[in-house]
Amino acid sequence: MILETIIIAVYSTSLALIFMYALAQLNLLLNYLSAQKKDTHLPPLDLSKENEIPYVTIQLPVYNEMYVMDRLLENIATIDYPKHKLEVQVLDDSTDETVKSTYNHIQKLKATGLDIVHITRTDRSGFKAGALKEGLKIAKGEFIAIFDADFLPESDWLLRTLPYFKDRNIGVVQTRWGHINREYSLLTRIQAFALDAHFTLEQVGRNSKGHFINFNGTAGVWRKDCIIDAGNWEGDTLTEDLDLSYRAQLKNWKFKYLEDVETPAELPVVISAARSQQFRWNKGGAENFRKMLWKVLKSDNISGKTKLHGVLHLLNSTMFLNVFIVAVLSIPMLYIKNEYAHLKPYFYVMSFFVVSSVIFFICYWFMYRNIYGGGIKNFIKYIGMFFTFFTVAMGFSLHNSIAVLEGHIGKRSEFVRTPKFNISSLKDSWKGNKYIKKNISVNVIFEGLLTLYFAFGMYSAFIVGDQGGDFGLFPFHLMLFLGFGYVFFKSLTSKA
């Protein structure tokens with residue numbers, strides 16, 4: 001029974017970690033609800049007060065952005081801010097024909113009086129972090145606003161974010177991401193659902209109580225002194241934004257998150273692009289756990305509760321690994337449960353996954369209601385969206401677990417950008433996008449095999465036990481079957 005004992009121990013540990021994460025989410029929900037009662041909004045920057053207008057540099061880190069480059073530059077040119085106090089840096093690491101077209105577009109914008117510079121590198125060392133660091137060397141601004149190529153800030157974006165820097169302790173102001181193509185497909189709706197949870201519950205829930213949050217890599221503005229004081233950008237993880245965020249907060253810089261300022265952006269519309277983005281985010285999270293754990297635990301500047309939330313925050317991506325372990329071991333556990341009758345009471349105690357799911361269901365409902373409104377009709381829609389999201393998220397668990405394991409063991413890999421599409425309506429097509437990966441990862445084959453594995457799990461429900469089957473895990477295995485099946489077939493059919 002040694003193997004059975006090991007399976008039970010690993011399964012139980014993973015369930016307990018998921019439950020702990022769910023409790024942290026519940027705490028963030030309580031923080032979020034408490035924060036809604038407070039009005040901390042500041043009026044927009046008054047441009048008539050010349051002496052209060054700081055110099056700002058907008059950095060646009062780009063790499064082979066053929067489909068969105070013109071849209072990005074035209075949008076940034078509409079930012080409402082005095083031209084003599086604004087600089088735009090196009091940090092262009094591109095290796096294709098967009099270098100020339102971007103240069104030509106920049107020359108046209110220069111002719112309008114906009115202070116915009118085109119910075120290129122022959123060596124992409126440090127990837128995005130390296131480009132940001134290179135631009136910072138010559139940046140004129142006291143504040144550094146950063147936008148990825150698919151983001152479209154409103155014209156008053158700087159006027160609404162800069163007033164918060166009147167507090168000299170504020171090092172970063174981060175805004176909420178919006179989604180210009182939320183309704184494009186099931187895949188975009190699922191991604192929007194997950195990101196909305198992060199940008200409501202997690203960012204507000206942590207920030208409102210002074211816990212560590214992260215700059216999200218874009219749609220935020222830094223105080224330049226904060227970047228330098230924290231040690232500047234480093235390219236040793238795939239999520240340089242999370243890395244610098246923690247280093248800055250460990251040096252007592254405060255972050256301000258603005259839920260009411262939305263910065264629209266485009267979600268990946270093809271699964272290969274979503275996979276590359278998910279891999280980078282999850283591996284980078286694990287890399288930062290390795291890099292930052294002991295610095296957080298040993299810090300004398302932060303409370304025990306902030307340390308706990310910080311550790312769980314850094315372990316966010318590792319939850320995928322725990323979900324994957326629980327999923328794979330759930331079928332052997334079904335057989336163990338029915339073979340060893342004396343263990344049955346244990347399985348009632350180990351209902352953590354159901355309890356965790358209920359907690360997530362409650363937490364995410366408040367996020368969903370905040371965006372779509374309450375009422376029975378929206379609640380019914382939410383139920384469908386919640387289970388669809390969870391089903392597909394579990395289908396990504398192998399892919400994301402591999403990313404997490406690589407991050408924890410320190411395996412290095414290149415910064416793989418997420419292809420942009422310039423797609424906002426169903427009329428637009430991603431077919432023919434030159435940046436989409438045309439090869440199929442070997443992981444996809446394993447996702448196909450896991451689809452069959454969980455079909456076997458559903459079949460097992462009918463044949464185990466002496467009482468005509470055991471259907472306790474059937475809904476779980478059905479969701480896993482559908483989730484892995486969705487990811488598998490979409491990965492096969494979504495090639496360029």
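Let me begin with the sheet, and please keep in mind that what we are looking at is a predicted model. Seven strands, written as 7 in my notes, form an open sheet, and if you follow them across you meet them in the order S3-S2-S1-S4-S6-S5-S7, with mixed pairing. For those of you new to this, strands of a sheet pair through backbone hydrogen bonds, and they can do so either parallel or antiparallel.

Which strands stand at the edges? They are S3, covering 116-120, and S7, covering 254-265, and because each of them has a single partner strand, one side of each is left without a neighbour in the sheet. Going from one strand to the next, the twist averages 20 degrees. If we stay with the edge strand S7, we find that it is joined to strand S5, residues 170-179, by 9 bridges, and that these two strands run parallel. To place one of these bridges on your screen, look for Val172, whose bridge partner in S7 is Phe255.

Now to the helices, where I would like to show you two crossings. In the first that I have chosen, the axes of helix H11, residues 318-339, and helix H17, residues 474-493, come within 11 Å and cross at roughly 120 degrees, and this angle makes H11 oblique to H17. The crossing is left-handed. On the H11 side the contact is made by Phe324, Val326, Ala327, Ser330 and Ile331, while H17 brings Phe476, His477, Leu480 and Phe484. What kinds of residue make up this contact of H11 with H17? They divide into 7 nonpolar and 2 polar, with no charged residue.

The other crossing involves H13, residues 352-372, and helix H14, residues 376-395, whose axes come within 10 Å and cross at roughly 125 degrees, which means that H13 is oblique to H14. This crossing, however, is right-handed. The residues in contact include Phe360, Phe361, Trp365 and Tyr368 of H13, and Phe379, Tyr382, Phe386 and Phe390 of H14. Here the contact divides into 13 nonpolar, 2 polar and 1 charged.

Let me finish with the aromatic rings, for which the count comes to 43 aromatic pairs. In one of them, the rings of Phe193 and Tyr368 have their centres 6.5 Å apart and their planes at 50 degrees, so the pair is tilted. Where in the chain do Phe193 and Tyr368 sit? Phe193 belongs to helix H6, residues 186-207, and Tyr368 to helix H13, so that this pair links distant parts of the chain, 175 residues apart. Tyr368 is also among the residues of H13 in contact with H14.

Note on methods. Residues numbered from 1 in each chain as written. Predicted model: local features only at pLDDT ≥ 70, side-chain atom pairs only at ≥ 80, totals over all residues. Heavy atoms only, no water. Pairing = 2+ DSSP bridges. Helix = DSSP H or I, 4+ residues; strand = E, 2+ residues; numbered from the N terminus. Axes fitted to C-alpha atoms, helices over the stretch in contact; angles between N-to-C directions. Parallel < 35°, antiparallel > 145°, perpendicular 65-115°, else oblique. Left-handed = near helix turned anticlockwise from the far one by under 90°. Contact = heavy atoms within 4.5 Å. Nonpolar A, V, L, I, M, F, W, Y, C, P; charged D, E, K, R; others polar. Phe/Tyr/Trp six-rings, centres within 6.5 Å; stacked < 30°, edge-to-face > 60°.
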